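Ready to poke around a protein model? Grab a pencil and work through the exercises at your own pace.

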Amino acid sequence: MFNTYEGVITSHTVKIDSRLFSDNFKVKVLSSYGTGQDYLDKPFLISKGIKTIAIYDDCTYSTAELALALGLNCIRNINTSSNYVRQGKWDTEGLTLFMGDNLVGKTWGIIGMGKIGARLATMLKVFGCRVIYTANTDHHNKWEYCTKEELLKQSDIISLHLPLKPDTVNYIDEAELKLMKKTAILINVCRGKVINNNKLYEYLKSGLIACAALDVTDPEPLNDPEVIGIPNLMITPHIGTAAAYTRRQMTYGAINNLLSVLKD
């Protein structure tokens with residue numbers, strides 16, 4: 001492919017590095033079908049003069065929407081109660097059966113207030129949440145900024161919206177998990193490696209945090225039956241942008257990005 005075409009649309013499902021290139025490659029630009037570019041070997045591509053470009057606006061709504069949906073699923077026990085009915089166990093006399101809670105009045109901590117985080121924050125205001133965030137800088141006047149440590153201690157729900165970089169690998173590790181409330185819900189819709197997942201699984205099994213919902217894992221796909229079977233862990237198969245309108249916009253965006261570079 002890289003020996004035939006000058007422009008290629010790529011996605012996170014295939015690692016792009018020197019193994020895929022021969023000496024007579026023709027490709028000039030790689031257009032990412034999404035925002036993340038951690039699957040690209042940037043130093044190698046730069047050394048070969050290959051440009052890379054990503055989509056930055058078209059993914060935001062769907063990914064923010066999914067984070068909200070995962071939070072609602074956890075706090076209202078939607079998935080677990082649905083599975084209960086599927087198993088034929090419906091108890092009509094249990095007034096506290098799968099008793100959850102409401103979003104209203106809850107503190108939702110957003111880690112990484114980029115376009116997705118800001119979009120989610122706007123959605124959460126409608127639900128009556130207190131929104132706090134942490135990021136490299138305090139640059140959103142309408143939301144409440146706090147340190148990472150303060151956010152972890154105060155939040156009822158925490159969602160991650162970080163790019164995967166060397167300094168964000170294991171951004172949530174045991175030290176961070178220890179700061180969270182035992183009733184906290186942790187949501188990850190960015191990249192699996194930003195969490196020390198083995199430590200997270202330990203904390204979930206021991207009840208040291210209430211619930212986690214992961215749309216991204218490390219590795220992907222995740223096929224470990226023991227992990228998949230953790231009752232207070234919900235996993236979805238990286239569907240953050242899996243909505244028809246969003247995927248259409250992403251397709252247009254990736255094509256337009258490609259053509260804009262090739263026309264220069």
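Here are four exercises on this predicted model, each with a worked solution.

**Exercise 1: the pocket**

Task: Find out which residues lie nearest the centre of the largest pocket, and which helix gives the most to its lining.

Solution:
- Start with the volume: the largest pocket comes to about 1,200 Å³.
- Next, look at the wall. The lining is made of 45 residues, and T35, G36, H161, L162 and P163 lie nearest the centre.
- Sort the lining by class, and you get 15 nonpolar, 23 polar and 7 charged residues.
- Now check the helices. At least two lining residues come from each of α2 (60-75), α4 (115-126) and α9 (244-262).
- The helix that gives the most is α4, with 3 residues.

**Exercise 2: helix α2**

Task: Work out whether α2 is largely enclosed or largely open to the outside.

Solution:
- Begin with the length: α2 has 16 residues and reaches 23 Å from its first C-alpha to its last, close to the expected 22 Å.
- For burial, the cut-off is a relative accessible area under 20%.
- Go through the helix with that in mind, and you'll find buried residues including T60, L66, L70 and I75.
- In total, 12 of the 16 residues of α2 are buried, so the helix is largely enclosed by the rest of the structure.
- One last stop: α2 is followed by N77, which has a positive phi near 55°.

**Exercise 3: a pair with two settings**

Task: Decide how D101 and K106 pair up, then say for D101 and for K106 whether the residue is buried or exposed.

Solution:
- Side chains of opposite charge can pair when their charged atoms come close.
- Here, D101 and K106 form a salt bridge, with their closest N and O atoms 3.1 Å apart.
- D101 has a relative accessible area of 38%, so call it partly exposed.
- K106 sits at 17%, so it counts as buried.

**Exercise 4: bridges between helices**

Task: Which helices hold K148 and E176, and which hold K205 and E226?

Solution:
- Take K148 and E176, whose salt bridge has its closest N and O atoms 3.2 Å apart.
- K148 is in α5 (residues 148-154) and E176 in α6 (residues 174-179), so the pair ties together parts 28 residues apart in sequence.
- Both K148 and E176 are buried.
- Move on to K205 and E226, whose side chains meet in a salt bridge at 2.9 Å, N to O.
- K205 belongs to α7 (residues 197-205) and E226 to α8 (residues 225-228), 21 residues apart.
- K205 and E226 are both exposed.
- Elsewhere, E174, K199 and E202 are joined into one network by salt bridges that share partners.
- The full count of salt bridges comes to 10.

Definitions and conventions: Residues are numbered from 1 along each chain as its sequence is written. This is a predicted model: local features need pLDDT of at least 70, side-chain atom pairs count only at pLDDT 80 or more; totals for chains, interfaces and linings use all residues. Side-chain values use heavy atoms; hydrogens and water are left out. On a 1 Å grid over the protein atoms alone, a cavity is a set of points where a 1.4 Å probe fits but cannot get out, and a pocket is an open set with protein on both sides within 12 Å along at least five of seven lines; lining residues have an atom within 4 Å of a point. Grid points are joined across faces, edges and corners, and a volume is the space filled by probe spheres set on the points. Helices (H or I, at least four residues) and strands (E, at least two) are DSSP runs, numbered from the N terminus. Ala, Val, Leu, Ile, Met, Phe, Trp, Tyr, Cys and Pro count as nonpolar, Asp, Glu, Lys and Arg as charged, and the others, Gly among them, as polar. The expected span of a helix is 1.5 Å times one less than its number of residues. Buried means under 20% relative accessible area, exposed over 50%, partly exposed in between (1.4 Å probe, protein chains only). A salt bridge is a side-chain nitrogen of Lys or Arg within 4 Å of a carboxyl oxygen of Asp or Glu.
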